[in-house]
Amino acid sequence: MPNVNRVDRVGGWTRAVTARPRLTLLLALLFTALAVVAGNGVADRLSSGGWAAPDSQSSYATAALAEHFPASQPNLVLLVDGRGAGVDTPAVAAQAEQLAQRLGADPAVSGVTSYWSTHAPELRAKDGGSAMITARLRGDDNAVADEAKRMAPAYRGDHGPVRVKVGGTAAVQNELQSTIQDDLVRAELIAVPITLLLLVMVFGSAIAALLPLGIGIVAILGTSAVLRAITGFTDVSVFAENLTTALGLGLAIDYALFIVRRFREELVPGVSPRSAVAVTLRTAGRTVLFSALTVAASLSAMLVFPMYFLRSFAYAGIAVVLLAAGAALVLLPAALVLLGQRVNALDLRKALRRRSRRERSAEPGAGYARVARLVMRRAPLFAIGAIAALLLLGLPFLQVRFGSADDRQLPTAAESHVVQQDIRQEYPGSPSGAITVFAEGADRSQLAAYQKRVAALPGVVRVEGPFTAAGDRDGYVTVLPKGEAVDSGTQSLVRDIRATPAGFRTSVTGQAAVLVDSKHAIGERLPWAAGIIALVTLLLVFLLTGSVLIPLQAIALNALSLTAMFGAVVWVFQDGHLSGLLSFTATGSIETTLPVLMFCVAFGLSMDYGVFLLSRIKEEYDRTGDHRASIVFGLQRTGGLISAAAVILAVVMVAIGTSRVANTKMLGLGIALAVLMDAMVIRTLLVPAVMRLTGRATWWAPPVLRRFHERFGIAEGGAGEAAPDGTEAPDADGRRDLEPAGRD
């Protein structure tokens, strides 16, 4: 237990946040109220796209075609069913033509094409029982989704002899937004009460349990206000809302757990709440700040990618991490000073406690200490076994196939999903996967010659066109591929078309072209993102530990902890295992941006737990110089805390994973698995084993870097300070170093 005779310095930060604790909390309440007002309506301003690279050839062609030939890029589909009659019967044709005319008269529509006006075979089902009317809605992703929401009720349902279903990317975007928002509310209703129950089980005290939840609410509301402001300057993905909730609750709980647990350790009879807060901020507070910086750095790597889907998670993630850390370092100390011993009030576990005297007298974390000693006695066995198991779990990722997000993210009963599924199964070729080539500076004869060259390429079913405007030297052709919209053959066809000589400027777009460009953009910038994460991790972990080897170990072990997540993602969501149990439609591929997102988030969370463990090991090693005892001490003091935090964060992520949107389900369940593997395998088994194998070399650094660390390094306060009698002050547990230093 802490020694009441130690030196308790109240630093400047402690004085700043605890001098007027009631005022601090009042200002926090005001900030929260303003955040509620500022963040109001943020969901309506978020977008459901963002997977395409905006500076790519496909994005340029899409924008140019939308401007010059809007009907060539339809984003709304009316699937007209003859209700048993053929689509060419007079009554069906007349009603369909009326629907097309009505659709074309809508001011939000810039172009309409229908089977009945063109008799294009790709717009007619193979059995002749249904056909399509397609339209282009004006505006950006948000505007298109809003217009689809407005227009769909007017067209959906029975119209005389026909029945209409509404689909297309506009309808998909609209349903994605509404589904994600509904699912997020349900996830919060699931996560919050379970989280509160787990916090009560961890702390015992209902008062202590409410503190992390309060910090999480402040972080989430503050981030909503930040995202609302960012939407005024750039697009933000609707999926970022899920990360805000998950990280807001998860990291706030992590940080508050660490601080409240340390405060309760320090708050013994004879120690004032302010003194206990001072030691807590010098130790756990610095660790929280350091951890927040590492997580934010991992998330910031997504800013190097051009897709706003990934950049949105960086905006949301960085904001929620910094707000969670800020609330934990400002509001929490003020609340703890006011509460004092009352932080232990309302112990709800008393009625459940029936422990033996031996259990009551056991030192906290004794079980983790025994595990650490066992692991270090058999370090090679545990290290090789854990690494082999993790690599085995990651093997399915070697068969990953990257694709693009489409309607199959939605539940099978969603109308836009049903429409697109009917088109895939019942219509010739791959009309939804058509490749469009925009040509600039070409007359009709030049385009016709180019069309013949493209039609001769392998994998082409038919080339429609050329289509030109009167007096305009721009035009386009539409290529129908043999395969699926984004399979490997269609992607190869995109590359072949781009390599086909034309004699004028051409730009290729379509689902496959967007995927090819997205993969290229990610591959081109991935080394930069990985370099940012690695460099920042190396620097920050070195500043914490003063070691050259530990930062390298941290990167290797953190990356290793993600293998199970990536293997499971491919085995479940790509290959379709458990699809019935989890209620999603497997597409045979993984959306290209999701592995990048999941890596950045999961790597940052792994660093979060790694910093908690390393900080306590380093604190004890600085005090005693005993390498093995420091590892045991660190795991004993943080093992239970890390496990509890991981379980709570996993609960939040699983709640997010209950979403009916497949990509959100994949994100939530995948990161939940990664967090649990990191806490249970990496921190509990691999870190002690690897540090035992590296011995005292773990702490080595060349003289120049050691001097750099002595000057700029981040050291835990409260250990090794001089006591008033000139002897070494006791550490945070009230012990003096009576053992010789230098043992391995």
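The legends below describe close-up views of one predicted model.

Residues are numbered from 1 along each chain as its sequence is written, and side-chain values use heavy atoms, with hydrogens and water left out. Because the model is predicted, local features need pLDDT of at least 70 and side-chain atom pairs count only at pLDDT 80 or more, while totals for chains, interfaces and linings use all residues.

**View 1. An open sheet of 5 strands, with a helix across it.** The strand order is β2-β3-β1-β5-β4, and the pairing is antiparallel. Helices (H or I, at least four residues) and strands (E, at least two) are DSSP runs, numbered from the N terminus; two strands pair if DSSP finds at least two bridges between them. At the edges are β2 (109–114) and β4 (157–159), each of which pairs on one side only. From one strand to the next the twist averages 25°. β4 is joined to β5 (residues 162–167) in the antiparallel sense over 3 bridges, and Gly 157 has Val 164 in β5 as its bridge partner. Helix α15 (residues 415–426) lies across β1 (76–81), β3 (130–137) and β5, running at about 105° to β5. Axes are lines fitted to C-alpha atoms, for helices over the stretch in contact, and angles run from 0 to 180 degrees between N-to-C directions.

**View 2. An open sheet of 4 strands, with helix α16 packed on it.** Here the order is β8-β9-β7-β10, again with antiparallel pairing. The edge strands β8 (460–468) and β10 (505–509) each pair on one side only, and the twist averages 20° from one strand to the next. Strands β7 (residues 435–440) and β9 (residues 475–481) pair over 5 bridges; in this pairing Phe 438 stands opposite Tyr 476 and Ile 435 opposite Val 479. Between β8 and β9 there are 6 bridges, in the antiparallel sense, and Glu 464 has Thr 478 of β9 as its bridge partner. Helix α16 (residues 444–455) touches β7, β8, β9 and β10, and its direction makes about 170° with that of β8. Contact means heavy atoms within 4.5 Å.

**View 3. The two faces of strand β9.** In a regular strand the side chains alternate between the two faces of the sheet. Gly 475, Val 477, Val 479 and Pro 481 point one way from β9, and Tyr 476, Thr 478 and Leu 480 point the other way. Of the 7 residues in β9, 7 are buried, where buried means under 20% relative accessible area, exposed over 50% and partly exposed in between (1.4 Å probe, protein chains only).

**View 4. Aromatic pairs and a charge over a ring.** The whole structure holds 15 aromatic pairs. Rings of Phe, Tyr and Trp (its six-membered ring) pair if their centres lie within 6.5 Å; planes under 30 degrees apart count as stacked, over 60 as edge-to-face and the rest as tilted. Tyr 115 and Trp 116 are edge-to-face, at 5.6 Å centre to centre with 75° between the planes, and both residues are buried. The pair of Tyr 621 and Trp 699 is stacked, because the ring centres are 4.5 Å apart and the planes are at 10°. Tyr 621 lies in helix α22 (residues 594–624) and Trp 699 in the loop between α24 (662–694) and α25 (703–712), so this pair ties together parts that are 78 residues apart in sequence. Ring pairs also link Trp 51, Phe 239, Phe 309 and Phe 313 into a cluster. Arg 102 lies over the face of Tyr 155, 4.6 Å from the ring centre; a charge sits over a ring if NZ of Lys or CZ of Arg is within 6 Å of the ring centre and within 35 degrees of the ring normal.

**View 5. Two nonpolar cores.** A nonpolar core is a set of buried Ala, Val, Leu, Ile, Met, Phe, Trp, Tyr and Cys residues joined through side-chain atoms within 4.5 Å. The largest core has 162 residues, of which Phe 239, Tyr 255, Val 321, Leu 597 and Leu 686 touch the most other members. Helix α11 (residues 308–339) gives the largest share of this core, 18 residues. Leaving aside neighbours within four places in sequence, Leu 597 contacts Met 302, Phe 309, Leu 310, Phe 313 and Leu 667. Apart from this core lies another, of 36 residues, including Leu 76, Val 92, Met 132 and Ala 170.
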